[in-house]
Amino acid sequence: MDFRNSIDSVRRKLRALSAVAQDSGATEHERANAAALRARLKQRLKDAGAPAGDWSDHAFRLGRWAKTLRSSASAEGPKGDWTNEAFRLGRALRRGYKKWSS
(Lines give C-alpha, C1' and ligand atoms only; values in the text may rest on other atoms or scores of the structure.)
Protein backbone atom coordinates (compact mmCIF):
# COMPACT_ATOMS: atom_id res chain seq x y z
CA MET A 1 0.00 0.00 0.00
CA ASP A 2 2.89 2.36 0.62
CA PHE A 3 3.90 2.28 -3.05
CA ARG A 4 0.34 3.00 -4.14
CA ASN A 5 -0.03 5.92 -1.73
CA SER A 6 3.22 7.48 -2.91
CA ILE A 7 2.12 7.21 -6.55
CA ASP A 8 -1.22 8.82 -5.70
CA SER A 9 0.51 11.68 -3.90
CA VAL A 10 2.75 12.31 -6.92
CA ARG A 11 -0.34 12.40 -9.15
CA ARG A 12 -2.02 14.93 -6.83
CA LYS A 13 1.08 17.12 -7.00
CA LEU A 14 1.06 16.86 -10.80
CA ARG A 15 -2.57 18.01 -10.94
CA ALA A 16 -1.78 20.96 -8.67
CA LEU A 17 1.22 21.96 -10.78
CA SER A 18 -0.84 21.71 -13.95
CA ALA A 19 -3.40 24.04 -12.39
CA VAL A 20 -0.67 26.57 -11.57
CA ALA A 21 0.77 26.32 -15.08
CA GLN A 22 -2.65 26.95 -16.64
CA ASP A 23 -3.60 29.74 -14.23
CA SER A 24 -3.76 33.08 -16.07
CA GLY A 25 -2.90 34.99 -12.88
CA ALA A 26 0.38 33.13 -12.34
CA THR A 27 3.62 34.94 -13.09
CA GLU A 28 6.08 33.71 -15.67
CA HIS A 29 8.48 32.53 -12.96
CA GLU A 30 5.71 30.53 -11.25
CA ARG A 31 4.80 28.90 -14.54
CA ALA A 32 8.42 28.02 -15.30
CA ASN A 33 8.88 26.60 -11.80
CA ALA A 34 5.67 24.56 -12.12
CA ALA A 35 6.74 23.22 -15.51
CA ALA A 36 10.15 22.15 -14.17
CA LEU A 37 8.60 20.46 -11.12
CA ARG A 38 5.99 18.80 -13.33
CA ALA A 39 8.70 17.36 -15.57
CA ARG A 40 10.55 15.99 -12.53
CA LEU A 41 7.41 14.40 -11.10
CA LYS A 42 6.52 12.83 -14.44
CA GLN A 43 10.00 11.34 -14.58
CA ARG A 44 9.52 9.99 -11.05
CA LEU A 45 6.28 8.30 -12.10
CA LYS A 46 7.96 6.88 -15.18
CA ASP A 47 10.84 5.53 -13.08
CA ALA A 48 8.38 3.95 -10.64
CA GLY A 49 6.87 1.98 -13.50
CA ALA A 50 3.32 3.04 -12.74
CA PRO A 51 0.75 3.48 -15.50
CA ALA A 52 -0.74 6.83 -16.46
CA GLY A 53 -3.85 6.58 -14.27
CA ASP A 54 -6.42 5.29 -16.74
CA TRP A 55 -7.89 1.78 -17.10
CA SER A 56 -4.40 0.32 -17.32
CA ASP A 57 -3.95 1.31 -13.68
CA HIS A 58 -6.29 -1.47 -12.61
CA ALA A 59 -4.63 -3.96 -14.93
CA PHE A 60 -1.23 -2.94 -13.55
CA ARG A 61 -2.32 -3.53 -9.95
CA LEU A 62 -4.06 -6.79 -10.88
CA GLY A 63 -0.85 -8.01 -12.51
CA ARG A 64 1.23 -7.12 -9.46
CA TRP A 65 -1.28 -8.86 -7.19
CA ALA A 66 -1.25 -12.00 -9.37
CA LYS A 67 2.55 -11.97 -9.35
CA THR A 68 2.60 -12.02 -5.55
CA LEU A 69 0.09 -14.87 -5.50
CA ARG A 70 2.30 -16.97 -7.71
CA SER A 71 5.42 -16.40 -5.64
CA SER A 72 4.01 -16.49 -2.11
CA ALA A 73 3.71 -20.19 -1.44
CA SER A 74 3.98 -21.24 2.17
CA ALA A 75 7.45 -22.37 3.06
CA GLU A 76 7.96 -25.96 4.12
CA GLY A 77 9.18 -26.68 7.59
CA PRO A 78 12.79 -27.64 8.05
CA LYS A 79 13.69 -31.30 7.63
CA GLY A 80 14.02 -33.21 10.86
CA ASP A 81 11.47 -31.06 12.65
CA TRP A 82 9.64 -32.79 15.53
CA THR A 83 6.30 -32.21 13.79
CA ASN A 84 7.35 -34.50 10.95
CA GLU A 85 8.02 -37.27 13.45
CA ALA A 86 4.69 -36.65 15.21
CA PHE A 87 2.88 -36.81 11.88
CA ARG A 88 4.51 -40.11 10.99
CA LEU A 89 3.76 -41.54 14.42
CA GLY A 90 0.12 -40.46 14.16
CA ARG A 91 -0.19 -42.01 10.73
CA ALA A 92 1.31 -45.31 11.94
CA LEU A 93 -1.04 -45.36 14.95
CA ARG A 94 -4.04 -44.66 12.72
CA ARG A 95 -3.14 -47.52 10.38
CA GLY A 96 -2.62 -49.86 13.32
CA TYR A 97 -5.95 -48.88 14.85
CA LYS A 98 -7.76 -49.43 11.54
CA LYS A 99 -6.22 -52.89 11.21
CA TRP A 100 -7.02 -53.76 14.82
CA SER A 101 -10.63 -52.51 14.63
CA SER A 102 -11.50 -54.30 11.38
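In this predicted model, helix α2 keeps three of its residues buried: Ala34, Leu41 and Leu45. They sit on the same side of α2, because the arc they cover around the axis is only 45°. That fits the usual helix geometry: with 3.6 residues a turn in an α-helix, residues three or four places apart point the same way. Flip α2 over and the picture changes, with Glu28, His29, Arg40, Lys46 and Asp47 exposed on the other side.

As for its dimensions, α2 is built from 21 residues and spans 30 Å between its first and last C-alpha, close to the 30 Å expected at 1.5 Å a residue. Right after α2 comes Gly49, with a positive phi near 80°.

So what do the buried residues of α2 pack into? Ala34, Leu41 and Leu45 turn up again in the largest nonpolar core, a group of seven residues that also takes in Ile7, Val10, Leu14 and Leu17. Two elements, α1 (residues 2-22) and α2 (residues 28-48), each give two or more residues to this core. The largest share, four residues, comes from α1. Such a grouping is in keeping with a general trend: in soluble globular proteins, nonpolar side chains tend to be buried together. Ala34 gives a closer look at the packing. Setting aside neighbours within four places in sequence, Ala34 is in contact with Leu17, Val20 and Ala21. Of these partners, Leu17 is itself listed in the core.

Zooming out, the protein has four helices and zero strands, so the order from the N terminus is simply α-α-α-α. Buried residues account for 13% of the 102 residues. The accessible surface adds up to about 8,700 Å², and carbon and sulfur atoms supply 57% of that area. Contacts reach well along the chain too: among those with a separation of 6 or more, 57% join residues 24 or more positions apart.

A word on confidence rounds this off. Mean pLDDT for the protein is 76, with 77% of the residues at 70 or more. Among the helices, α4 (residues 82-101) has the highest confidence, with a mean of 86, whereas α3 (residues 55-71) has the lowest, at 73.

How values were computed:
Residues numbered from 1 in each chain as written. Heavy atoms only, no water. Core = buried A, V, L, I, M, F, W, Y, C linked by side-chain atoms within 4.5 Å. Buried < 20%, exposed > 50% of the residue type's maximum accessible area, 1.4 Å probe, protein only. Contact = heavy atoms within 4.5 Å. Areas by Shrake-Rupley, 256 points an atom, 1.4 Å probe, with all protein chains shown as cover. Expected span 1.5 Å × (residues − 1). Arc of directions from axis to C-beta. pLDDT = per-residue confidence, 0-100.
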